[in-house]
Amino acid sequence: MTTMKTTETQAVKAGHREFLFPCAPPFYEDPIVLVEGQGMDVVDADGRTYLDFFGGILTTGIGHCHPDVVARVREQIGTLGHTSTMYLTEPQVEYARRLAAIAPGALQKSFFTNSGTEAVETAVMLACMYTGRSEIIALRLGYSGRSVLATNLTAQHGWRPLASGIAGIKHVMAPYPYRCPFKSPCDETCVDKFGDDLEDAIVTTTNGRPAAFFAETVLGVGGFVVPPPGYFQRAAAIIRSHGGLFIADEVQTGFGRTGDHWFGIEHWGVEPDIMVMAKTIANGMPLGATIARPEIADAWTAKTISTYGGNPVSMAAAIATNDVMVRENVPRRSAERGAQLRAGLDELARQHEWMGDVRGLGLMQAIEVVTNRESRTPSTDLAKRLHEAAKDEGLLLGLAGLHGQVIRFAPSMLATEEQVADGLERLSRAADVVSASR
Ligand code: PMP
């Protein structure tokens, strides 16, 4: 096992503070220096093993260092590691073919990049070129990445470093059932109200000719917010009635994560015009993808290149990841293990009244932490304490939401029943520690 002397671990932490931008803050008061990962386990520099229920950021969807992906990447990097978009490669075409096979509806042509941010940029530019329009409607609480465009699309102040800099992006109400302003509990009947807000934004804050409505199918960084049933049917109908496209961001929700389907949007039977993906697509190798209907993809007539986009190593990783995902039927596994995880979280929430809401789809589950159930006031402090207490139990979790009040669970989709049970036990002990300290 690769471990480091404590002095070296300290040197990594000090070096990180001294030589890296501080704008990407690591989790935890005392950040973890990771040296190894295998399946659901990661090992830190001091030799401590953690059960990983966050997988990077929902990225190692089939577990760390999956042997099939490692083998395929090794083979490819020793054969041909780089080409640029100036040359054709078989892995790129092969993966694009596979993506078209699992993508909903008529989505067929792909453009590959290195990150979700670039996939989002590609989608938005494409929508503007296809429609000849320039205004985009996005969801409040959305997260879209770190470029100028993507931070402007993002609607959480903590992730927007600049003043609004790109005209033409308008934000509408997030379909957030736990905090629904219309009705509690929120249900299908609220969909029309959320739809009215979208309609109103189009006719009052744009020139009435929007290029696209852009939305994550489950808000990820927003805190695994699942919209009420019917929302996406309504939103897609509204944007289309105004001549705009529907862009679905599946960066977090894609590839079986939400259970039963390959993509989140399939839960609502809506076909996007353009879809963006990243994270789990290549199990952690850098890869973003934008897929569109052929006639939309063909509307990009100006030239573009991506030096590293679609590089053979990332494409090989994506192919190997796809092989495993199909063989293991990860949408099914996510649904099964997700149901187990959800039942455990629901049970825990019955014991701790500061757990205000449990929600999610498949193996994408969250607990929203509040000061008490009555007020529903978000509690950044208690969420942070739970996050740290889980770490002390050797369990890595995600933390998100506008106020950092949402604990996120997204283990590998190959997690076993025992591993999910183990995670829940550790979480239960961590929750007891938090409750005892209140
Ligand atoms: N869209 C969504 C929904 C995301 O969650 C993220 C990353 N958290 C992005 C886009 C941007 O992806 P990347 O960090 O790979 O640029």
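Visitor: A polar contact is a pair of N or O atoms within 3.5 Å (within protein, one must be able to donate a hydrogen and the other to accept it, and sequence neighbours count only through side-chain atoms). Which ligand atom does the Thr117 side chain lie 2.5 Å from?

Guide: An oxygen atom, paired with a polar side-chain atom of Thr117. This is a predicted model, with local features needing pLDDT of at least 70, side-chain atom pairs 80 or more, and totals for chains, interfaces and linings using all residues. Residues are numbered from 1 along each chain, and side-chain values use heavy atoms, without hydrogens or water.

Visitor: What does Lys279 do there?

Guide: A polar side-chain atom of Lys279 sits 2.9 Å from a ligand nitrogen atom. Gly116 uses a polar backbone atom, 2.8 Å from a ligand oxygen.

Visitor: Which residues are around the ligand?

Guide: Among them are Ser115, Tyr143, Ser144, Glu216, Asp249 and Gln252, each with a heavy atom within 4 Å of the ligand.

Visitor: Switching to helices: at what angle do helix 7 and helix 8 pack?

Guide: About 25°, with axes (lines fitted to C-alpha atoms) 9 Å apart. Helix 7 covers residues 191-205 and helix 8 residues 231-241; helices are DSSP runs (H or I) of at least four residues. The two are therefore roughly parallel, meaning an angle under 35 degrees on a 0 to 180 scale.

Visitor: Which residues make the contact?

Guide: With heavy atoms within 4.5 Å as the cut-off, they include Phe194, Leu198 and Ile202 of helix 7, plus Tyr231, Ala235 and Ile238 of helix 8.

Methods
Angles under 35 degrees count as roughly parallel, over 145 as roughly antiparallel, 65 to 115 as roughly perpendicular and the rest as oblique.
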